[in-house]
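Trainee: Could we go through this protein together, one question at a time?

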Amino acid sequence: MTEWTSRCRVRVLTVFEQTSVPVAPRDTITVAVSLFNYARFVRECLESIRAQTHPRIDLVVVDDDSRADNSLELVGDWLQRNADRFRRVSLLKHVDNQGLAEARNTAFEWARTDPVFVIDADNQIYPRALARLFEYVEFREFDAAYTQLELFGDQNRIGLADIWTKRFFRCRNYVDAMALVSKRSWEQVGGYSHMDGLEDYDFWCKFVDMGMKAIYIPEILCRYRVHGSSMSRTDMAAAEERLKVKMTMRHPWLEL
């Protein structure tokens, strides 16, 4: 293992790294997986990434100091067995737990391609997801592209995704983190901020603040697992009112 320090002063260990082609072809996508104690789910997530029809993929998994299970060991074994599917595979580990926002920021910082697809380790994507999303960001027409969700697990229904408009964001977030995002756009908005469960909402509001464009693809290509330990269900409970105040201070146009 080697250790390095991110721009946010987070200490990061490089657990596993393998690259087959030194320079990424123009159509390579980085898939950024955020992992924290999800050993029971992460293999299904990784298998859904391996099964993508889009041929050129870099895979970066960031473990946010998992200690409750064998997530790190499991992912390391899987990457070694499946590394040949990808141009580049990386397994990174935060020395200390930093939260979801910094796990995603670490993955973006490590990425060597402009398009980065964000996914948490308990979720999945259908085989056509990356190929369809790439059609809309290939020529930098949009800063991000996202699809409709299928919710599964404790709930089974269609998600709430819709067209990109500031008006829809005023009262709630309706765009999940599972999206193909330009790394340059991520840099321009300052990355993800720690928001105690509203990381996605704040991130997209920063896109709105800067006049960035995202496109909605009305196809069910991403699967969001609903369960008792989902980030959206655990981190939001403690301080909802305080978070609303914090969000409206950061984005005064919100009507929370």
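What follows is a set of short questions and answers on this structure.

Mentor: This is a predicted model, so local features need pLDDT of at least 70, side-chain atom pairs count only at pLDDT 80 or more, and totals for chains, interfaces and linings use all residues. Residues are numbered from 1 along each chain as its sequence is written, and side-chain values use heavy atoms, with hydrogens and water left out.

Trainee: How many salt bridges does the structure hold?

Mentor: Start with the general idea. Side chains of opposite charge can pair when their charged atoms come close. Here a salt bridge is a side-chain nitrogen of Lys or Arg within 4 Å of a carboxyl oxygen of Asp or Glu. By that rule, the count is 21.

Trainee: Arg-225 and Glu-44 meet in a salt bridge. How many residues apart are they?

Mentor: Their N to O distance is 2.7 Å. Arg-225 is in strand 11 (residues 214–226), and Glu-44 is in helix 1 (residues 39–50). Helices (H or I, at least four residues) and strands (E, at least two) are DSSP runs, numbered from the N terminus. The pair links distant parts of the chain, with a separation of 181 residues.

Trainee: Is Arg-225 buried or exposed?

Mentor: Use the cut-offs: buried means under 20% relative accessible area, exposed over 50%, partly exposed in between (1.4 Å probe, protein chains only). Glu-44, its partner, has 42%, so Glu-44 is partly exposed. Arg-225 has 10% relative accessibility, so Arg-225 counts as buried.

Trainee: Asp-202 has a salt bridge with Lys-206. Why are the two separated by about one helical turn?

Mentor: Both residues are buried. Their salt bridge is 4.0 Å, N to O. They sit in helix 7 (residues 199–209), and the turn follows because their spacing there is four residues.

Trainee: Which side chain in helix 9 also meets Asp-202 in a salt bridge?

Mentor: Asp-202 has a relative accessible area of 0%. Its partner in helix 9 (residues 240–250) is 48 residues away in the chain. That partner is partly exposed, at 35% relative accessibility. The N to O distance is 2.8 Å, and the residue is Arg-250.

Trainee: Within what arc do the buried residues of helix 1 fall?

Mentor: They are Ala-39, Phe-41, Val-42, Cys-45, Leu-46, Ser-48 and Ile-49. The arc is that of the directions from the helix axis to the C-beta atoms. Seen down the axis, the buried residues line one face of helix 1, because their arc is 165°.

Trainee: Is Arg-104 buried or exposed?

Mentor: Arg-104 lies in helix 3 (residues 100–110). Leaving aside neighbours within four places in sequence, its contacts (heavy atoms within 4.5 Å) include Asp-120, Tyr-192 and Glu-199. Its relative accessibility is 2%, so Arg-104 is buried.

Trainee: What is the phi of Asp-65 near?

Mentor: Most residues other than glycine have a negative phi, and most peptide bonds are trans. Asp-65 lies in the loop between strand 4 and helix 2. Asp-65 is buried, with a relative accessible area of 8%. Its phi is positive, near 60°.

Trainee: Where is Asp-196, which also has a positive phi?

Mentor: The phi of Asp-196 is near 55°. Asp-196 is partly exposed, with a relative accessible area of 24%. Its place is the loop between helix 6 (183–188) and helix 7.
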